[in-house]
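Colleague: Could you take me through this model step by step, with the terms explained as they come up?

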Amino acid sequence: MPIEGSEITPLGRDQPPHKKGDVVLPVPIKRNINVSEVALDEDDVLSWCLDDLLPDGGYMVLEVSCYFDESGTHHGSQVLCVGGYCFEKQKAKELNRKIKAALQAWGISYFRMTDCAHKTGQFKDKTKEECIRIETRLIELIHAHAAQGIAVTINEQEFDDNMPNDRRIGDAYACCAHLMLCGIRAWIQQQPHIDRVHFVFEAGHKSQSMANQIMNTLFQNPVSRKAHRYVGHLFMDKKEIPLLQTADLLAWQCHTDRKHTLDGRPQRKDFIALRDGAHHVIKHLDGEMMQALNTTFEELSGGRYVPR
């Protein structure tokens, strides 16, 4: 059976990743803005981008992707998560400033959830209680500023077992990214006041090229641009933009929660606090859903596959 809000979008030819800070705008607009060349601190860079790209207000979507369970679950396969937040423009600027101030007060330059959870990296000299206080404060700030959180997890082995080898579907990451965009579109359609949305992705990740392909291909279609209120997308370094670190927290928590579910372990208290204190849609794409997507794809493609 079809999944509501799903659509098959063929991926274009592979494109090299954009440099950190490059802004990718809808096809009719032929310009790039290289944020890395702007002599401003990270808060000013974000504000400058938002004011330039959303001069009349609007929303931004942050996405951080792909936490892999390299050791594998007890099923012997990997779990992938793509997650992010939607923010109103002024809320985004305000939260970015507050996180930056909090990080400075804590004596760390950026927040990375895996380091906070395991007392590694910049958290190696922090006590367990300090790590809990830092994460708790960040969760409180997310609750106060985020309009919507969305995350999708997938078992990569189940994806390979259930989905056809077709470049129009892509790999497990592409499938998660498409479903996340469907979730964002569904949320936007319930918010008639939203008319402009700019998407921000984590720069430097190995999936950056794929993310850029998906966005450029999907939003060549005027109908898709209108449905998502799309005005553009860019890639930014999450170490330099505190706001992106909220999506890092969400993706890590959802990825870890899925592993706990597979291993029969209880949910983390901080995951429950994050999930229940704000609006979140968290979905796991299981084998049954993949089979439904596969059936829909076969109907749309007439059973004709284009190998990856």
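What follows is a conversation about cysteines, cores and one helix.

Modeller: This is a predicted model, in which local features need pLDDT of at least 70 and side-chain atom pairs count only at pLDDT 80 or more, while totals for chains, interfaces and linings use all residues. Residues are numbered from 1 along each chain as its sequence is written, and side-chain values use heavy atoms, with hydrogens and water left out.

Colleague: How many disulfides does the count come to?

Modeller: A disulfide is a pair of cysteine sulfur atoms within 2.5 Å. For Cys81, the nearest cysteine sulfur belongs to Cys254 and is 5.0 Å away, and Cys81 is in no disulfide. Cys182 is in no disulfide either, as the nearest cysteine sulfur, that of Cys175, is 9.3 Å away. The count comes to 0 disulfides.

Colleague: Is Cys81 buried or exposed?

Modeller: The word buried means under 20% relative accessible area, exposed means over 50%, and partly exposed lies in between (1.4 Å probe, protein chains only). Because its relative accessibility is 0%, Cys81 counts as buried.
The value for Cys182 is 11%, so Cys182, too, is buried.

Colleague: Which element gives the largest share of the largest nonpolar core?

Modeller: A nonpolar core is a set of buried Ala, Val, Leu, Ile, Met, Phe, Trp, Tyr and Cys residues joined through side-chain atoms within 4.5 Å. The largest one has 40 residues, of which Ile154, Phe159, Tyr173 and Phe199 touch the most other members. Helices (H or I, at least four residues) and strands (E, at least two) are DSSP runs, numbered from the N terminus, and the elements giving two or more residues to this core include strand 4 (148-155) and helix 6 (172-189). The largest share, 12 residues, comes from helix 6.

Colleague: Which residues is Thr114 in contact with, leaving aside its neighbours within four places in sequence?

Modeller: Thr114 lies in helix 3 (residues 113-118), and it counts as buried because its relative accessibility is 17%. Contact means heavy atoms within 4.5 Å. With neighbours within four places in sequence left aside, the contacts of Thr114 are Thr120 and Trp252.

Colleague: What arc do the buried residues of helix 10 cover around the axis?

Modeller: The buried residues of helix 10 (residues 269-276) are Asp270, Phe271 and Leu274. The arc is that of the directions from the helix axis to the C-beta atoms, and these residues are on the same side of helix 10 because they cover an arc of only 105°.

Colleague: Which exposed residues does the face of helix 10 turned away from its buried side carry?

Modeller: The buried residues of helix 10 pack against several elements, among them strand 3 and helix 3. On the face turned away from that buried side, the exposed residues are Lys269 and Asp276.
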